[in-house]
Each structure stands twice: as C-alpha cells, then as structure tokens.
Amino acid sequence: MPKPPRILLSSVFGPFGVDDAYGRKENIMELFHNQVTREQGVFSLRYNHQSFGLYLIAENLEADTTVLDFPSEKRFVREIRKGYDFVGIAFIVPNFSKAKRMAELVRKHAPSSQIVLGGHGTAIPGIEHEIPCDHVCRGEGVRFMRALIGDDPNLPISHPVMPSSFNNHVLGIPRRTEDAVLMTGVGCPNACRFCCTSHFFKREYVPFLKTGRDIYDFCERAEREHGYKSFFIMDENFLKHRRRAEEFLELLERNGKYYVLSIFSSAEAVSEVGVDFMARLGIRFLWLGMEGRNSEYAKNDGIDLPALVSRLRENGIVVLGSIILFSERHTPENIQDDIDFVIDAGPDFIQFMQLGPLPGTALYEAYERAGRIRHDVPYEEWHGQHRIWFDHPHFTAEETESYLRDAFIQAWDRLGGSLLRVFETTLMGYHASRGSRDPMIEARHADLEQACLAYYPALPAIAAHAHNDLERDYARDLIGRYREAFGPMTGTQRVSSLVARAMAAVEAARIAAGLGLRQPRTHVTRFRSRGAARIRKPAQHESGLPPRAAGRSVQGIAAAVSVDPAG
C-alpha cells in the first residue's frame, strides 16, 4: 500500500490587528469586537474563532494532516521544514500579502512541497500568477483535497467536534466556551450581489449534513462524548432548508432532547417557519440580514423587520441585525435614515458593514466593468471596517470611515450596550415560556432561567461602568426586573457581582492604556491517516488542553490538539 501523503493546512500568520507590512490595525481577529460591538469599550464581546474549514478538511482526508492555526511567521517556518508533501494556505482578500509571504517561505524552506491556495482570497483575479503555488482550491475544500491526493471525493463527510470559539472574555472575565461549532453546509442560493460566500460556492448550497438525522446524530454524539448541549451553526441560511430543520426537531422531540442553537438565517426563511417553531427548536441567537429600510433584496420583501425583531426578542431569541452602508442609493441626506431604521428596530446586536465589492461577487464584476474599483488601495484595506475601496458618487473614502464609526457610537448611545439587551431578551424569553406544557418549551424555560441566573450578577458591574445615563438607567431597571423575577441575589451571586465589577474595572484600565488588543494563540492539531482499516489512529496530545478543546470526529476518533504559546 502506498504511503499516505503528509499535509499541512495553515491559516495566515500573526500578529493580527496591527499596522505592518502585511496587515492593518482595523482588521482585528475578533469577529464581534471588530464588526459588531467594536465601539462598546469594556462591554464588547471578545473571542476568537478557529479556522473551522481547515479542521473539516483534515478530518476527511486519508492522509497524515496537521492544522496550524494562527502561527507566527517563525512558527510556520519551523513547521514547513518538516517536509510536507502539500502545504495548504487559507486566506481572505485582506490577508493577500500574508499568503504571498507564506508561499515564498515554502519555496525557500520546503521547495519539494506543493503549495495549495484556498479560501476566499483565491477569488482574486489571476491569483495563481500573484502568489507562488501549484494548486488553487476555489469552492468547497474537502472534495477538492480528496481528489488532489487520490481519495474518493464523494465519500460521506465526517464532522469534527470542536469548540465554536476560544480566548473568550466578557467584561474582562475569562469565560469557558460552552458551545460546539456545527457546519451543516456552505453557500446560499439567495446570492445577494455583495455576498462573497454565496458567490464563492457558485450561488449554490453545498450540504455537509444533508438531513435532520445527520444533524441530530452529530449533536447527540457531541453531547455524549464531550458534554456539549449548545451549538453554533455555521450555515448561511439554516432555516432555508425547512424540511431538514423539521426532521431535526422531530428527532429531538422523539428522544426527549433539547439543544441550544445559534444560527444565521434570512427574514423570509424566518417568516416561513415562524418564531414559535424556532423557539421549540431551541434557537437562542439569530444573525439576520436587515440591510436597510428600503432594502433591494428579495429576502426582505414585504416583511416588517422591526416587528419581526420584536417578536423574536420577546420569545428569548437574541437578534444580531446587520446592515450594509454606502450602497449606490446612499447619500449624505438619506444614509441616516437607514441607520435610524436598524437602531430603532432595537436588535440586541448591530453589525454595520461597508459595502464591499470583493472579487468573485456580482458586485465586484459590475464595479470593475464600470471602472469604480480603486486598485491603488492595497488588499490589506479591503475588509469593510475602515474605508471603502471603490469610487462612490456621494462619499469620499475618508468620509466613509467617520460615518461607519459614528453609526456604531449612535447605536451604543441610543440603545445601551448589547450585553444589556441580551440580558433583557433572555428575561423576556423566560417569562414568555413560563407555564407551557410543550416539553420543548418547558426545556427552553429551564435553560433560559439558568441563563438569567448567570447574567444577574453582571448587571451591577454594567451599571457601575455605564457610559451614559441611558445605559445606567437601563441597567438599574433590569436589576429591578431580575430581582422581581428571581428575588435578591444570593451570597454567591453577590460575590460574583463584586468580582465582575473589579475585573471590568481592570479591563477598562487596560483599554484606556491602549492594551485592549488580544492576539489568538497558536493551535496545532494533528490528524492521522486511517489506513487500510479506515480507522483513524489516536495521536498523542502535545499539551494539556481541556478535553473539550480537543478535536474529535463525528465517529468519535481522536485527533491531537496543542496550544503553542510561543506562536
């Protein structure tokens, strides 16, 4: 039997969120702190996400595969010198220069290794001529890599069990990750013209877990083997595939299970299945594309979005509403109307994102034909959280930077911190689910109660550090509503509250001193070839991570994980 190939799959190197030859300070490696709660100071949600797709690919190859996540340049060089047959580099457009540097390092230090480029950055026109490489993976990576090394591309996909995030901090308090990531599929047929993910997968949906049974089996195994009962579902439009979600709920009911789900979905899909169905399915968080008051996207046609947001929150579903700024119709006279629209709708979180014509999208193609793309702007600045990189008829690039920052500040000033709204939504859901005889809603009520009791001690800390009178009054009002629902804090809760207040003060001081940036640690995960018997050989742990942080397949087969503190 031929020896299986040795493969390295790597994300780009750090540091991240700094101005240097390879990146910009605005492109922070923290999703919420970068794009959602970025102006909320000590109340911003802080955590990192691993490069999930690399682990999914590694889990499904008949090869000895190493995933190197968030390395330093030095750590990457140390790894490639081990002599891999293939070195895969995953990157997005703003990380073009990092990917190019890494490819050059492979050619220098491991010239016999074949370089595979992957990720959304491969949509850059002529990328194979810009970055040294032997192969370019555009689209779904598991089947591509299987075909490349001679595996059967059509074998069933095995899903690894791994935490949805790490390096979690709220109010400066380190927090354990309680949910696993679940990648049910990629792509979306809605194909909004700015959406690089839907266009990257050719405007089609590629399922990894095709049925409700597939999803249930994964969740049940993740619970049984690792204790997970909460799942962050990575899927552009989870509820769009209604029959799969219905089958999943049927199996939950039949087996007396209740899991907490966080999802992405569109307004039309949410309206079709209904909020009651979502509550019974265990959905506690929804990322919703609101886009604006007069959205030109069919997914929002005829839907009263503010009413939908209110109904979701009343039933304990935390809503992140996203909106695109600087579309063609936006002018200095009307852009505030769209900002007011999403703020007045009152979602728990708001993502303000600049319109971004990224390579591969219909938007990019149209703007390129019209000569509107600013190719003098380096790719490092094509990330949507600083300035636009195209010619807008009504805004300069410098103006878009200030408008964007002001939108985030307005939301915080007028609504209070997102944490407070999450605490309020959870309390409303607790009350809404009380007294139900539906077993799924009874389970939801118990879960929401536990969440409220966990949130309760943080409220005095938020009141103490409130940035304006509205936020302070909001926190005090919630303290009263929580006291009415659950009584005075217990002794343990009072101690927790004092600790939260002290740690929030420390975090506020760190931020004021310019020390708020957190870098993700380097993760090394080694997957072993399953060989003739098709049983993955257990590998040794390189360091003592908690068991829940270790990679595991949906078949329960071990992979080794280490955190490399030296980077």
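These are my notebook entries on a predicted model.

**Entry 1: overall build**

I began with the whole protein. I find 20 helices and 18 strands in it. The C-alpha trace spans about 70 × 55 × 45 Å along its principal axes. I then asked what radius of gyration the protein has. The value is 23 Å, and a compact globule with 567 residues would have one near 24 Å, so the two agree.

Next came burial. Of the 567 residues, 59% count as buried. The protein exposes about 22300 Å². Carbon and sulfur atoms supply 52% of that area. I also looked up contacts between residues at least 6 apart in sequence. Of these, 73% join residues at least 24 apart.

**Entry 2: a small sheet**

I picked out one open sheet of three strands. Its order is β2-β7-β8, and the pairing is antiparallel. Which strands stand at the edges? They are β2 (46-48) and β8 (173-174). Each has a single partner strand, so one side of each is left without a neighbour in the sheet. I followed β7 (residues 166-170) to β8 and found two bridges joining these antiparallel strands. Val170 stands opposite Ile173 in β8.

**Entry 3: salt bridges**

My search gives a count of 45 salt bridges. I looked at three of them in detail.

Lys25 pairs with Glu26, with the closest N and O atoms 3.0 Å apart. I checked both for exposure. Lys25 is partly exposed because its relative accessibility is 46%. Glu26 is buried, at a relative accessible area of 14%.

Glu424 forms a salt bridge with Arg481, and here the closest N and O atoms are 2.9 Å apart. Where do the two partners lie? Glu424 lies in helix α16 (residues 418-433) and Arg481 in helix α19 (residues 469-486). The pair therefore ties together parts that are 57 residues apart in sequence. Glu424 is buried, with a relative accessible area of 13%. Arg481 counts as partly exposed at 24% relative accessibility.

Arg472 and Asp469 also meet in a salt bridge, 2.9 Å from N to O. Both are in helix α19, three residues apart, so about one helical turn separates them. Arg472 is partly exposed, with a relative accessible area of 22%. Asp469 is exposed, at 56%.

I then traced a salt-bridge network. Shared partners join Glu30, Arg46, Glu507, Arg510 and Arg518 into one network.

**Entry 4: aromatic rings**

I searched the whole structure for aromatic pairs and got 27. For Phe395 and Tyr403, the ring centres are 5.2 Å apart and the planes stand at 80°. That angle is over 60 degrees, so the pair is edge-to-face. Phe395 is buried, with a relative accessible area of 4%. Tyr403 counts as partly exposed at 27% relative accessibility.

Tyr430 and Phe486 were next. Their ring centres lie 4.9 Å apart with the planes at 45°, so I note the pair as tilted. Tyr430 is in helix α16 and Phe486 in helix α19. They are 56 residues apart, and the pair links distant parts of the chain. Are these two buried or exposed? Tyr430 and Phe486 are both buried.

The last item was a ring cluster. Ring pairs link Phe32, Tyr47, Phe232, Phe264, Phe285, Trp287 and Phe349.

**Entry 5: looking back**

I set two results side by side. The Glu424 and Arg481 salt bridge runs between helices α16 and α19. The Tyr430 and Phe486 ring pair also has one partner in helix α16 and one in helix α19.

Note on methods
Residues numbered from 1 in each chain as written. Predicted model: local features only at pLDDT ≥ 70, side-chain atom pairs only at ≥ 80, totals over all residues. Heavy atoms only, no water. Salt bridge = Lys/Arg side-chain N within 4 Å of Asp/Glu carboxyl O. Buried < 20%, exposed > 50% of the residue type's maximum accessible area, 1.4 Å probe, protein only. Helix = DSSP H or I, 4+ residues; strand = E, 2+ residues; numbered from the N terminus. Pairing = 2+ DSSP bridges. Rg over C-alpha atoms; globule rule 2.2 N^0.38 Å. Contact = heavy atoms within 4.5 Å. Areas by Shrake-Rupley, 256 points an atom, 1.4 Å probe, with all protein chains shown as cover. Phe/Tyr/Trp six-rings, centres within 6.5 Å; stacked < 30°, edge-to-face > 60°.
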